[in-house]
Amino acid sequence: MVTEANKTVVRRLVDEVLNGGRLEVIDELYVPELVAAARGWIGPFRASFPDVHMEIVELIAEGDKVVGRFTCSATQLGAWLGQAPTGRRFERVDEVAIFRFRDGRIVHAWSLEDTLGRLQQLGLA
């Protein structure tokens, strides 16, 4: 079923790329025109938070879309948003993302996250 295959792509994004640091997998998950943009945020985020752990709370698929609800935890060990490493950890920051697919690859992604909560836990706000 297409919706289950699309959910598998999101699971791979979380497990292999975000949690596992295997940036080369991005080429398999995104359409070629989005690969650079995906690398452009995932690589720097992982450099700032190398122990990042995303947890999938829920995935809902319909048609060509998958909506995911996630929690994210990590320790800031590199510069982020112009801020020096704090060495502090944030826990279970809520995130929601909507992915649109074509031929089994991500063609569009939109997300919303609790950046203020993350900044507060890191002592940056």
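**Figure 1. Arg-12 is partly exposed and pairs with Glu-28 in this predicted model.** Arg-12 comes in at 24% relative accessibility, so it counts as partly exposed rather than buried, the cut-off for buried being under 20%. Its partner in a salt bridge is Glu-28, and the closest N and O atoms sit 2.9 Å apart. This pair links distant parts of the chain: Arg-12 belongs to helix α1 and Glu-28 to helix α2, 16 residues apart. Glu-28 is partly exposed too, with a relative accessible area of 43%. Zoom out a little and the pair turns out to belong to a salt-bridge network that links Arg-12, Glu-16, Arg-22, Glu-24 and Glu-28. Across the whole structure, a search finds 14 salt bridges.

**Figure 2. Helix α1 bends at Leu-13.** Here we follow α1, which covers residues 2-19. The bend at Leu-13 is about 25 degrees. From first C-alpha to last, the 18 residues of α1 reach 24 Å, close to the 26 Å expected at 1.5 Å a residue. Plenty of side chains to look at here: the buried residues of α1 are Thr-3, Asn-6, Lys-7, Val-9, Val-10, Leu-13, Val-14, Val-17 and Leu-18. So what do the buried residues of α1 pack against? Their contacts are with α2, α3, β1, β2, β3 and β4. Just after the helix, have a look at Gly-21, where phi is positive at about 75 degrees.

**Figure 3. Helix α3 has a kink centred on Ala-38.** The kink in α3 is about 25 degrees. How far apart are the end C-alpha atoms of α3? They are 25 Å apart, which agrees with the 24 Å that its 17 residues (32-48) should span at 1.5 Å a residue. Ala-38, at the centre of the kink, is one of the buried residues of α3, along with Val-35, Ile-42, Phe-45, Arg-46 and Ser-48. These buried residues pack against helices α1, α2 (26-29) and α4 (115-121), and against strands β2 (65-75) and β3.

**Figure 4. Glu-55 and Arg-92 form a salt bridge between two strands.** The closest N and O atoms of the pair are 3.1 Å apart. Glu-55 lies in strand β1 (residues 53-62) and Arg-92 in strand β3, so the salt bridge ties together parts that are 37 residues apart in sequence. Are these residues buried or partly exposed? Glu-55 counts as partly exposed at 34% relative accessibility, and Arg-92 also counts as partly exposed, at 49%. Check the backbone of Arg-92 while you're there: its phi is near 55 degrees, a positive value in a residue other than glycine. As a rule, most residues other than glycine have a negative phi.

**Figure 5. Asp-103 sits in the loop between β3 and β4.** Here's another backbone to check. Phi of Asp-103 is near 50 degrees, again positive in a residue other than glycine. Asp-103 counts as exposed, with 76% relative accessibility.

**Figure 6. Six nonpolar residues make a surface patch.** Which residues build it? The patch is made by Ile-60, Val-67, Val-96, Ile-98, Trp-110 and Leu-112, and its area is about 500 Å². Strands β3 (89-102) and β4 (105-113) each supply at least two of the patch residues. Take Trp-110: this residue lies in strand β4 and counts as partly exposed at 45% relative accessibility.

**Figure 7. Glu-62 in strand β1, and the salt bridge of Asp-64 and Lys-65.** Glu-62 counts as exposed, at 65% relative accessibility. How far apart are the C-alpha atoms of Glu-62 and Pro-85? They are separated by 40 Å, with the two positions 23 residues apart along the chain counted as their spacing. Asp-64 and Lys-65 bring their side chains together in a salt bridge at 3.7 Å, N to O. Asp-64 is partly exposed, at 32% relative accessibility, and Lys-65 is partly exposed as well, with a relative accessible area of 39%.

How values were computed. Residues numbered from 1 in each chain as written. Predicted model: local features only at pLDDT ≥ 70, side-chain atom pairs only at ≥ 80, totals over all residues. Heavy atoms only, no water. Patch = residues over 30% accessible without salt bridge, like charges linked within 9 Å, V, L, I, M, F, W, Y side chains within 5 Å. Areas by Shrake-Rupley, 256 points an atom, 1.4 Å probe, with all protein chains shown as cover. Salt bridge = Lys/Arg side-chain N within 4 Å of Asp/Glu carboxyl O. Helix = DSSP H or I, 4+ residues; strand = E, 2+ residues; numbered from the N terminus. Buried < 20%, exposed > 50% of the residue type's maximum accessible area, 1.4 Å probe, protein only. Expected span 1.5 Å × (residues − 1). Bend = angle between axes of the 7 residues up to and from the residue. Contact = heavy atoms within 4.5 Å.
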